Amino acid sequence: MKILFINACIREESRTKELCDKYIAKHFSSEDISERILQNELILPFNRLMLEQRVEDIENLDYSGERYRLAREFNEADILLIAAPYWDCSFPSVLKAYIEHICVDGLTFVYDNGVPVKRNKVQKMVYITTSGGYIPENNSLEMYLKELCGLLCIPELEFHSAQGLDIWGCDIEATLNDTANNF
């Protein structure tokens, strides 16, 4: 089983990464995991020129270029594990740029009569986050992840969050451990 761990944690002392490490220890062996640390990558959001090149590549069915490295890597994973802190009702922008680079029509999915069809091996997305405050019950982040799973035809989404970590009196370690006990 191949697990692709997308580490979108920016801080070196990341509570989200700590929580994700607990998840990994409980569910996987380290030899199954390939980690992509997004802050170490130069992942640019799409501009007009990049989009024009992608359209041309899709028309030519040419996904061999370096610009599709992340999408090809994604295609080979059985499980996509994402660790990203909850920032400004969402996640760090580098994760959005990463997602733009893996959502490639014809490579990671294809449309058939307007319906996405799977072109990747991913069977489950696990998303782990922490937040200083509380994430609303009907939040845009979870809705976005569900839509993303729909586009990429990923049948299962697991969402775990440790919340309220910056609220005065919070026992951070106890909150992280409580969340980990529910994995």
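This passage describes the nonpolar cores, two helices, a buried asparagine and the central strands of a predicted model. Because the model is predicted, local features need pLDDT of at least 70 and side-chain atom pairs count only at pLDDT 80 or more, while totals for chains, interfaces and linings use all residues. Residues are numbered from 1 along each chain as its sequence is written, and side-chain values use heavy atoms, with hydrogens and water left out.

A good place to start is the interior. The largest nonpolar core (a set of buried Ala, Val, Leu, Ile, Met, Phe, Trp, Tyr and Cys residues joined through side-chain atoms within 4.5 Å) has 32 residues. Here buried means under 20% relative accessible area, exposed over 50%, and partly exposed in between, with a 1.4 Å probe and protein chains only. Phe 74, Leu 80, Leu 95, Tyr 98 and Tyr 127 have the most contacts inside this core. At least two of its residues come from each of strand S1 (3-7), helix H3 (69-75), strand S3 (79-83), helix H4 (93-102), strand S6 (124-130) and helix H5 (140-151); helices (H or I, at least four residues) and strands (E, at least two) are DSSP runs, numbered from the N terminus. H4 gives the largest share, 6 residues. Beyond its neighbours within four places in sequence, Phe 74 is in contact (heavy atoms within 4.5 Å) with residues including Leu 4, Leu 80, Tyr 98 and Ile 102. A second, separate core of 18 residues includes Ile 3, Phe 5, Leu 81 and Ala 83. In soluble globular proteins, nonpolar side chains tend to be buried together.

H4 itself is largely enclosed by the rest of the structure, because 7 of its 10 residues are buried. These are Val 94, Leu 95, Ala 97, Tyr 98, Ile 99, His 101 and Ile 102. Their cover includes S1, helix H2 (48-60), H3, S3, S6 and H5.

Helix H1 (residues 15-27) shows a one-sided pattern of burial. Thr 16, Leu 19, Cys 20, Tyr 23 and Ile 24 are buried, and, seen down the helix axis, the buried residues fall within an arc of 145° (taken from the directions from the axis to the C-beta atoms), so they line one face of H1. That face packs against S1, strand S2 (33-37), S3, S6, strand S7 (156-162) and helix H6 (172-181). At the start of H1, a side-chain oxygen of Ser 14 comes to within 3.2 Å of the backbone nitrogen of Thr 16.

Not every buried residue is nonpolar. Asn 75, in helix H3, counts as buried at 8% relative accessibility. Its side chain reaches the backbone oxygen of Leu 107 at 3.0 Å. Apart from residues up to four places away in sequence, Asn 75 touches Leu 107, Thr 108, Arg 119, Asn 120 and Lys 121.

The strands complete the picture. All 7 of the 7 residues of S6 are buried, so this strand is largely enclosed by the rest of the structure. Lys 124, Val 126, Ile 128 and Thr 130 lie on one side of S6, with Met 125, Tyr 127 and Thr 129 on the other, and both faces are covered. S6 pairs in the parallel sense with S3 over 5 bridges and with S7 over 7 bridges; two strands pair if DSSP finds at least two bridges between them. Leu 80 has Met 125 of S6 as its bridge partner, while Thr 129 is partnered by Ser 161 of S7.

How values were computed:
Polar contact = N/O pair within 3.5 Å; in protein donor to acceptor, adjacent residues only side chain to side chain.
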